[in-house]
Amino acid sequence: MEHYELPLVFFTVFAQWGIGGVLALTLCQNFGTLKFDAKQYRLLALLFWVITVLGSLASLAHLGTPTGAYRSMAGLGISWLSREVVAFIVLNAVIFCWLALCWLKPGHPGANLLGGVTALVGLVSIFVTSQVYYQMALHSLWHTIATPLGFLATAVLLGFMSVAVAGGYWHKSSSTTCNAGIVIGIVLTAGGLWFRYHVPGADASSPLLWWQLFASICIAVWGISRLNYGQQSWVWVVLMATGELAGRMLFYSNVMSGVPWF
């Protein structure tokens, strides 16, 4: 099981999910045809904050000495890992400020603005995380465009589906903005998998891949078709999350199970 790097699996998937949720919620609230009221907006903000925090906390389980985590910032000028630590410190600070504003003054125009800032910081954090792996040129399964594509796909797919399902329960109809986001997420996910499984050494026979194809892509396609008929279920979101977790487990195990690693 150590080859799956489960703390990193949960860190990357949950943090990206939370970031995607903030992005989707902000775009829907500003440009979508359906608007969430103050109570709904606060509940969704809380949900995505909790998901992001859980992901960030999961990363600490990967450290041999969590209390020494501050040392990882020493190489900020040369290390993508150090930049990742700083990026997520900033992200967690900004998303907390956004959550606080959403709860204290949900109708304040600054809430949507701060949501946009949070989403932007989150997207930068996803890019930085992807570079931690992409810059390892010796590992072709990480040194590929599929790495940033896959990380971004997780954020977009889970984030927009979460907001779409919530909107379906509260408004009994589908948002064009959410539908567009889900379609983009499906395309990004499929594109990332296509690129990755053209790299020699990719394990295309793993049940983890087939579960991701079913739970992430097939369920997303089914979900968007049902949303247009006023149907929704949080089960879709949970299944899609398991699909992304399975794909991320394979992302790590394909490389970490190799010998020698360097």
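This passage describes the packing of two helices and the internal cavities of a predicted model. Local features were taken at pLDDT of at least 70 and side-chain atom pairs only at pLDDT 80 or more, whereas totals for chains, interfaces and linings use all residues. Residues are numbered from 1 along each chain as its sequence is written, and side-chain values rest on heavy atoms, without hydrogens or water.

Helix 6 (residues 176–196) and helix 7 (residues 207–227), both DSSP runs of H or I with at least four residues, pack at an angle of about 160 degrees with their axes, lines fitted to C-alpha atoms over the stretch in contact, 10 Å apart. The two helices are therefore roughly antiparallel (over 145 degrees between N-to-C directions, on a scale from 0 to 180). In their contact (heavy atoms within 4.5 Å), Asn179, Ile182, Val183, Ile186, Thr189, Ala190 and Leu193 of helix 6 meet Leu209, Gln212, Leu213, Ile217, Ala220, Val221, Ile224 and Leu227 of helix 7.

Two cavities of 30 Å³ or more were found, a cavity being a set of points on a 1 Å grid over the protein atoms alone where a 1.4 Å probe fits but cannot get out. The largest holds about 190 Å³ of space, and among its 17 lining residues (an atom within 4 Å of a point), Gly150, Leu193, Arg196, Gln212 and Gly247 lie nearest its centre. Helix 5 (146–171), helix 6 and helix 8 (234–256) each supply at least two residues of this lining, with helix 5 giving the most, six residues. The second largest cavity has a volume of about 60 Å³, and helix 5 again gives the most to its lining, with five residues; the lining includes Cys28, Phe36, His171 and Cys178.

How values were computed
Angles under 35 degrees count as roughly parallel, over 145 as roughly antiparallel, 65 to 115 as roughly perpendicular and the rest as oblique. On a 1 Å grid over the protein atoms alone, a cavity is a set of points where a 1.4 Å probe fits but cannot get out, and a pocket is an open set with protein on both sides within 12 Å along at least five of seven lines; lining residues have an atom within 4 Å of a point. Grid points are joined across faces, edges and corners, and a volume is the space filled by probe spheres set on the points.
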